[in-house]
2 protein chains.
Amino acid sequence: MADRMADGTTDRLARSLGRSPAVPPTLADVAERAGVSRQTVSNAVNNPDLLRADTLARVQEAIDDLGYSPNRAARNLRTRASHLIGMRINPAQEGTANATMDRFVHSLVETSGEAGYHVLLFAGTHQDPLEGYDDLLRSTAVDAFVVTDTYLGNPQAAWLESRRAPFVAFGRPWDNPAATHPWVDVDGAAGAELATTHLLDRGHRRIAWIGWRKDSFIGEDRRAGWSRALRSRDLPTTGLASRVEDTVASGREASAVLLDEAQPTGFVCASDTLAMGVLHTLAQRGLVPGRDVAVVGFDDSQVAQVVPPGLTSVRQPLEDVAVGIVKALEDILNHPSRPPGGVLLTPTLAVRGSS
Amino acid sequence: MADRMADGTTDRLARSLGRSPAVPPTLADVAERAGVSRQTVSNAVNNPDLLRADTLARVQEAIDDLGYSPNRAARNLRTRASHLIGMRINPAQEGTANATMDRFVHSLVETSGEAGYHVLLFAGTHQDPLEGYDDLLRSTAVDAFVVTDTYLGNPQAAWLESRRAPFVAFGRPWDNPAATHPWVDVDGAAGAELATTHLLDRGHRRIAWIGWRKDSFIGEDRRAGWSRALRSRDLPTTGLASRVEDTVASGREASAVLLDEAQPTGFVCASDTLAMGVLHTLAQRGLVPGRDVAVVGFDDSQVAQVVPPGLTSVRQPLEDVAVGIVKALEDILNHPSRPPGGVLLTPTLAVRGSS
DNA sequence: GTGAAAGCGCTAACAG
DNA sequence: CTGTTAGCGCTTTCAC
């Protein structure tokens with residue numbers, strides 16, 4: 001011990017000769033300065049209640065003077081926790097209006113930061129949905145994952161469950177009702193119903209739907225909201241729906257066909273991308289959105305916000321999603337026994353010039 | 001040592017009774033299974049050349065069997081490196097077309113992943129530009145930072161330099177030519193010149209500029225490209241430039257005034273957000289972008305890509321920026337002595353219907 | 001309330 | 001080429 005102290009002091013000396021905190025101070029440095037043991041400093045940081053007020057003050061002063069912050073690696077090693085949340089991001093989709101995930105990342109970073117967690121991003125490809133998770137898990141680099149693309153029917157959830165890895169999903173376990181992980185999702189049917197009802201309130205009676213292919217759970221969910229709203233007023237849906245790929249071109253083509261064959265006065269779309277396709281068709285035909293034909297998108301992307309004359313769009317409460325996910329994360333991390341549940345949030349409608 | 005071995009064996013037993021890799025295997029587990037020392041396993045992972053081929057194969061087999069991956073916390077503690085790159089993200093800007101940073105994050109995550117680094121995101125506010133950096137630095141949570149909003153004249157760069165913290169900036173040190181940190185940037189003047197020349201080639205002679213306020217280094221740089229292109233052909237710039245805030249409304253108002261007072265046939269804008277403002281004005285006046293008036297934006301946002309009839313826009317090579325930044329990061333981390341430099345990349349033009 | 005001892009899992013340095 | 005020793009900085013018992 002005496003040896004170590006001596007070495008420590010020498011280190012201090014060497015460090016103070018250097019310019020800046022190139023080598024950060026350690027617990028031992030603080031202890032020495034405050035004239036207490038290392039454990040006392042640790043307690044001052046982690047269990048301040050255990051210290052006498054005057055001791056705490058003295059230690060705190062030393063901490064401030066030295067600019068001490070506990071070394072994460074050491075703490076992580078000891079506590080077997082990294083306070084890092086892993087999240088995989090897929091390549092950015094160009095040529096679409098989709099930016100939900102980017103907006104969500106912002107919310108997640110802010111919310112988890114308040115809870116003392118940082119977000120670790122890793123890359124993934126659509127080819128191998130499991131890529132990246134395994135390594136991070138085995139090397140105990142993260143405490144938990146946030147899984148976001150459950151809608152693809154991806155196997156991450158099942159795989160993570162089998163590895164007993166803590167995670168929370170943004171999105172319901174559509175294809176696995178027996179799933180036991182916590183999740184947070186937004187009620188897409190309610191969103192589409194909100195959008196459709198909005199158009200009904202504006203006097204529209206023939207309202208078309210442009211959505212995704214039938215194998216998309218989310219797409220079918222949103223579509224159900226549209227048909228529910230129309231049926232509740234005994235209005236027709238036949239011939240008014242189209243299921244296409246999520247591209248601007250598909251939205252453009254689908255809306256052209258619908259306009260010709262079904263004469264709708266309004267469109268509700270499963271995404272802003274598809275809604276932009278509708279705007280393309282209207283522009284081509286010299287029709288003015290909001291005056292001649294009403295259009296509503298989904299996700300309230302930046303595109304919806306800035307395109308003239310403004311695209312009315314269903315807005316997912318991503319901030320609340322992040323809050324719910326972080327809450328669920330803390331739950332499973334701190335109370336592993338507690339049974340996990342799901343949370344379904346309700347979207348709102350951002351009304352703009354297109355309706 | 002014998003004690004420890006015995007304990008280790010007991011641990012193994014306990015673990016194997018559990019279902020899954022709830023407790024990941026350690027170096028010692030692999031060593032025991034392969035019948036070698038722990039150090040040999042470490043070498044197999046980090047310096048495979050040091051091992052004889054047959055030993056390596058045996059160790060590798062044990063590693064695979066056990067699904068071993070080195071514990072990051074332990075490795076980080078020992079090597080004093082986290083292989084984490086910190087990056088601060090500001091709150092998402094709603095109501096604008098700006099998404100450069102989101103696109104950049106994707107590229108950075110992918111590129112740094114290939115180099116063995118993960119990206120740690122932390123939140124920040126415009127209020128305190130230093131918030132978050134200090135703690136991460138002192139707790140040695142990250143090996144380096146990527147600083148992105150140098151354009152605000154923010155003090156991070158100077159502060160990080162004074163703390164001798166490794167970092168690379170996306171953006172030139174405009175306000176500090178003496179800066180000694182590496183940086184990567186995109187030549188905004190070249191981009192605006194490219195855009196302006198494009199309109200000149202299409203026959204336009206009166207080309208207006210809508211840019212940012214004079215205190216924006218980036219804005220002035222881009223503006224210089226516009227005026228350079230016009231002056232080189234002896235064309236007028238007087239009365240054709242406007243400096244406003246980066247909002248759609250400002251772009252709308254500025255373009256309306258310019259249209260009335262200077263009769264431009266084309267607009268080059270410092271951002272897609274401003275360009276969208278121009279599209280608003282055109283829509284209001286029944287003018288068709290690309291036919292009646294040409295518009296070019298900056299950043300090639302999703303908005304530019306999907307808005308009818310497509311917004312021509314200067315595209316920053318963010319993938320190359322990320323590659324350059326990661327390269328610089330590896331340089332300063334592995335060769336701290338090597339003098340850092342700056343890299344200036346040239347943007348391209350994505351031509352669409354608006355021109 | 002405070003202090004001493006132990007050890008998380010790994011790798012750098014050296015010994016064989 | 002392989003094994004032994006030591007210790008990164010911290011927190012968790014457990015004495016005092």
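**View 1. The interface of chain B and chain A in a predicted model.** About 5,200 Å² is buried between chain B and chain A. Buried area here is the accessible area (1.4 Å probe) that two parts lose on being put together, summed over both. Carbon and sulfur atoms give 59% of this area. His106(B), Gln302(B) and Val306(B) supply 12% of what chain B buries against chain A, more than any other three residues. The contact, meaning heavy atoms within 4.5 Å, takes 60 residues from chain B and 60 residues from chain A.

This is a predicted model: local features need pLDDT of at least 70, side-chain atom pairs count only at pLDDT 80 or more, and totals for chains, interfaces and linings use all residues. Residues are numbered from 1 along each chain as its sequence is written, chains are lettered from A and ligands numbered from 1 in the order in which they are written, and side-chain values use heavy atoms, with hydrogens and water left out.

**View 2. Salt bridges and polar contacts between chain B and chain A.** The salt bridges number 6. Each is a side-chain nitrogen of Lys or Arg within 4 Å of a carboxyl oxygen of Asp or Glu. Glu94(A) forms one with Arg315(B); their closest N and O atoms are 3.2 Å apart. Polar contacts join 30 residue pairs across the interface, both residues at pLDDT 80 or more. A polar contact is a pair of N or O atoms within 3.5 Å; within protein, one must be able to donate a hydrogen and the other to accept it, and residues adjacent in sequence count only if both atoms are side-chain atoms. The elements of chain B that each supply at least two residues to the side touching chain A include strand 1 (84-89), helix 6 (100-114) and helix 12 (272-284). By class, that side of chain B has 31 nonpolar, 18 polar and 11 charged residues. Ala, Val, Leu, Ile, Met, Phe, Trp, Tyr, Cys and Pro count as nonpolar, Asp, Glu, Lys and Arg as charged, and the others, Gly among them, as polar.

**View 3. Strand 2 of chain A beside strand 2 of chain B.** The two strands run antiparallel, joined by 3 bridges. Pairing requires at least two bridges found by DSSP. Leu121(A) stands opposite Val119(B). Helices (H or I, at least four residues) and strands (E, at least two) are DSSP runs, numbered from the N terminus.

**View 4. The protein surface near DNA strand D.** A residue is near the strand if one of its heavy atoms lies within 4 Å of it. Of the 26 residues around DNA strand D, Leu27(A), Arg38(A), Tyr68(A), Arg78(A) and Thr55(B) come nearest. The surface residues divide into 9 nonpolar, 10 polar and 7 charged. Helix 5 of chain A gives the largest share, 5 residues. Of the DNA atoms within 4 Å of the protein, 67% belong to sugar or phosphate.

**View 5. Polar atoms at DNA strand D.** A polar side-chain atom of Thr40(B) lies 2.8 Å from a phosphate oxygen. A polar backbone atom of Asn71(A) is 3.0 Å from a phosphate oxygen. For Ala74(A), a polar backbone atom is 3.5 Å from a base nitrogen.

**View 6. Backbone geometry in loops.** Pro308(A) and Pro309(A) share a cis peptide bond, with omega about 0°. The bond from Pro308(B) to Pro309(B) is cis too, with omega near -5°. Pro309(A) lies in the loop between helix 13 (302-306) and strand 10 (312-315) of chain A. Gln263(A), a residue other than glycine, has a positive phi near 45°.
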